[in-house]
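User: I would like to go through this structure with you, surface and backbone. Could you take my questions one at a time?

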Amino acid sequence: MTLSPYTYVTLSLRPESTPHVGVSFHTPDLKVGAGLLLSGPRPYLELYSHEANVHISTTGAGPVTDADLNTAREIFNAAARYLAECEQLHTEQADKDATDPAT
């Protein structure tokens with residue numbers, strides 16, 4: 001089963017709890033950007049589509065902390081794993097399509 005592209009956003013509000021926002025991008029229209037805001041200066045990372053935006057920057061929008069560096073490294077490592085998985089699955093799918101007599 002193949003679904004059409006979509007972006008899914010949820011907001012959970014519970015009494016006496018911190019609100020929780022979830023954003024799931026499942027679209028080829030996803031864009032990714034990064035840069036340096038000159039007003040700080042501070043780095044930022046953004047993921048966005050027509051339906052939703054996610055912006056990531058330093059703690060309290062302030063100076064870069066050790067925790068910010070750790071988060072940036074985790075994002076980098078997770079993105080590298082995501083790329084590797086996408087490349088592997090894409091190759092496997094292309095190989096399967098090339099040997100599938102139905103195509």
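Analyst: Certainly. The model is a predicted one. To begin with, A61 is partly exposed, with a relative accessible area of 43%.

User: Where is A61 found?

Analyst: A61 lies in the loop between β5 (53–57) and α1 (66–99).

User: And what is the phi of A61?

Analyst: The phi of A61 is positive, at about 55°, although the residue is not a glycine.

User: What about E16: where is that residue found?

Analyst: E16 sits in the loop between β1 and β2. Its phi is near 60°, which is a positive value in a residue other than glycine.

User: Is E16 buried or exposed?

Analyst: E16 is exposed, because its relative accessible area of 87% is over the 50% cut-off.

User: Changing topic to the surface. Which residues form the nonpolar patch?

Analyst: The patch consists of V9, L11, L13, V21 and V23. Together these residues have about 470 Å² of accessible area.

User: Which strands each supply at least two residues of the patch?

Analyst: Those strands are β1 (6–12) and β2 (20–26). The loop between β1 and β2 is where E16 is found.

User: Take L11 from that patch. Which strand is it in, and is L11 buried or exposed?

Analyst: L11 belongs to strand β1. The residue is exposed, with a relative accessible area of 57%.

User: Why does A61 count as partly exposed, then?

Analyst: A61 has a relative accessible area of 43%, and partly exposed applies because that value falls between the 20% and 50% cut-offs.

Definitions and conventions
Residues are numbered from 1 along each chain as its sequence is written. This is a predicted model: local features need pLDDT of at least 70, side-chain atom pairs count only at pLDDT 80 or more; totals for chains, interfaces and linings use all residues. Side-chain values use heavy atoms; hydrogens and water are left out. Patches are made of residues with over 30% relative accessible area and no salt bridge: like charges are joined within 9 Å, nonpolar side chains (Val, Leu, Ile, Met, Phe, Trp, Tyr) within 5 Å. Accessible areas come from the Shrake-Rupley method with a 1.4 Å probe; for residues, only the protein chains shown count as cover. A salt bridge is a side-chain nitrogen of Lys or Arg within 4 Å of a carboxyl oxygen of Asp or Glu. Helices (H or I, at least four residues) and strands (E, at least two) are DSSP runs, numbered from the N terminus. Buried means under 20% relative accessible area, exposed over 50%, partly exposed in between (1.4 Å probe, protein chains only).
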